[in-house]
Amino acid sequence: MNPVAVIPVVAPVIPAFWPMMPEIILAAGALLLVLFGAFRGDRANEGMGIVALALLVVAFVAVLMLPSERVETMMGSFVIDPFAKFMKALVLLGSAGGIILSTDYMRREGILRFEYPILIVLATIGMMMVISANDLIALYLGLELLSLSSYVIAAFDRDNVRSTEAGLKYFVLGALSSGMLLYGASLVYGFTGTVSFPAMALILQGEVGAGAIFGLVFVAAGIAFKISAVPFHMWTPDVYEGSPTPVTAFFAAAPKMAGMAMATRVFIDAFPGILVQWQQIIVFISIASMALGSFAAIGQRNIKRLMAYSSIGNIGYALIGLAAGTPEGVQGVVVYMAIYLAMTLGAFAVILGLRRGNVMFETVDDLSGLARTHPALAFCLAAMMFSLAGIPPLAGFFAKFYVFAAAIEAGLVALAVIGVVTSVIGAYYYLRIVKVMYFDAPVERFERMSPGQGFVLAVSSVVVLLFWLVPAPIVNAAGAAARSLF
């Protein structure tokens, strides 16, 4: 065979796959890790997390090297643009944080197995596929890869009844939501004749048929489940409480980035011509999530359940920016999720540090007097709580400011007002944690945090405390990401 004749066939393949290079790196790495773990057995348990973390770092570098302009590949089903790059970077940071926070906990609990970091990597591949999905089929494939990995991760502590129950609940309700999303996607395809987001945007303009709107509602319901928005939030408190704490930290961080990116791309890219129709859905979901997240968390004593309701409320605030349907609104969503990632990882780094020996503590009362026994730890957790409450000049204030400002500019003044009111109500349970740490009688000292937990907490604290000094890198990158969708 003449080797020259092969060149025209092979050469175009490399550019076609280049936009997918981060996913290809993670997929190839995951396969190699599976083989390595299978051959090494239990001897592979200890170092697998470090290898998986290195794999995520390589993928992060690959994401940064992707082109800055919009590029479509795989016959238009996979897209890379500044929005995808920014959100993929957040997902990789969230997954890396999940692995770093898990190692010490898994070792102490006797459940350190090489499969866990591999499952995190596989879930990350699904999240990155979801972010770059440019049609309904690619979206569903990426979502199922993420979901199947997440079900196993939730039940990873298989000898623990609560963990097994969490995994089963997540699986049953997740299968239901996937069915709803798939049904909605089939309806949209049936009434538009296409699964491509750009083609849908051209077809669905102005007044559309009831069938397409009906399909849109089911798609929105499936997406709402994945981001744990009301009224499809019912799995969140139980799964957060029952799963191992590092798994809860992972669920509260990386998948939330992918879920909001998915919601933003679907509604902005596929349905821009029927903004009025889907805006009503998003406004309702946003108000319901903010209200439930503010009121339901007040009576919670388990800190993991409290963080579950906090995540529901925070998704409601992020959806305010999406409801605006403007570049400023999407910029607000991206900034909000970046800051939320830092706040969440920082808070869970402290939660994972609440232990004496092999005994983990998960209630708010366990934080009593933490300011006197661990002043630095109490200060960092207080900063996270004040930031989640939206108190200036911490980063959480600016996160809410951007989405509220976008809503007001888009004419959604009532939605912004409701957001401010629910934020004030939700501040109660955040401030209660600060009160317990600084004013209640101290309990016995906790052990020192692991180096990994300390690193995550330090980085998160720097972002939360100093964002107001140097906001430009995140805000400008978020602005560029938002404009690439319009």
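**Note on salt bridges, cavities and surface of a predicted model**

1. The structure holds 14 salt bridges, a salt bridge being a side-chain nitrogen of Lys or Arg within 4 Å of a carboxyl oxygen of Asp or Glu. The model is predicted, and for this reason local features need pLDDT of at least 70 and side-chain atom pairs count only at pLDDT 80 or more, whereas totals for chains, interfaces and linings use all residues. Residues are numbered from 1 along each chain as its sequence is written, and side-chain values use heavy atoms, with hydrogens and water left out.

2. One of these salt bridges joins the side chains of D81 and R265, at 3.0 Å from N to O. The pair links distant parts of the chain, since D81 sits in the loop between β2 (78-80) and α5 while R265 belongs to helix α12, 184 residues apart; helices (H or I, at least four residues) and strands (E, at least two) are DSSP runs, numbered from the N terminus. Both D81 and R265 are buried, where buried means under 20% relative accessible area, exposed means over 50%, and partly exposed lies in between (1.4 Å probe, protein chains only).

3. A salt bridge within a single helix is formed by D104 and R107, whose closest N and O atoms are 3.9 Å apart. Both residues lie in helix α5, three residues apart, which is about one turn of the helix. D104 counts as buried because its relative accessibility is 16%, whereas R107, with a relative accessible area of 39%, is partly exposed.

4. D440 and K435 also meet through their side chains in a salt bridge, at 3.1 Å from N to O. Here D440 counts as buried, because its relative accessibility is 19%, and K435 counts as partly exposed at 41%. Elsewhere, salt bridges that share partners join R162, E165, K169, D238, E241 and R305 into one network.

5. Turning to empty space, the largest pocket holds about 810 Å³. The search runs on a 1 Å grid over the protein atoms alone: a cavity is a set of points where a 1.4 Å probe fits but cannot get out, a pocket is an open set with protein on both sides within 12 Å along at least five of seven lines, and lining residues have an atom within 4 Å of a point. Grid points are joined across faces, edges and corners, and a volume is the space filled by probe spheres set on the points.

6. The largest pocket is lined by 35 residues, of which L90, L93, L341, V459 and V463 are the closest to its centre. At least two lining residues come from each of α4 (48-64), α5 (82-109), α15 (327-352), α20 (451-466) and α21 (472-483), and α5 gives the largest share, 10 residues. By class, this lining has 31 nonpolar, three polar and one charged residues; Ala, Val, Leu, Ile, Met, Phe, Trp, Tyr, Cys and Pro count as nonpolar, Asp, Glu, Lys and Arg as charged, and the others, Gly among them, as polar.

7. There are three cavities of 30 Å³ or more in the structure, and the largest cavity contains about 120 Å³ of space. Its lining comprises 14 residues, with L146, S150, Y170, K226 and P255 closest to the centre. Both α7 (136-154) and α12 (245-270) supply at least two residues of this lining, the largest share, six residues, coming from α12. The lining divides into nine nonpolar, three polar and two charged residues.

8. The second largest cavity has about 60 Å³ of space and is lined by 14 residues, among which Y317, L388, K400, Y429 and Y430 lie nearest its centre. α14 (303-324), α17 (375-389) and α19 (413-439) each supply at least two of its lining residues, with α19 giving the most, six residues. By class, the lining has six nonpolar, seven polar and one charged residues.

9. On the surface, V462, L466, W468, L469 and V470 make a nonpolar patch of about 490 Å². Patches are made of residues with over 30% relative accessible area and no salt bridge, like charges being joined within 9 Å and nonpolar side chains (Val, Leu, Ile, Met, Phe, Trp, Tyr) within 5 Å; accessible areas come from the Shrake-Rupley method with a 1.4 Å probe, and for residues only the protein chains shown count as cover. W468 is placed in the loop between α20 and α21 and is partly exposed, with a relative accessible area of 42%.
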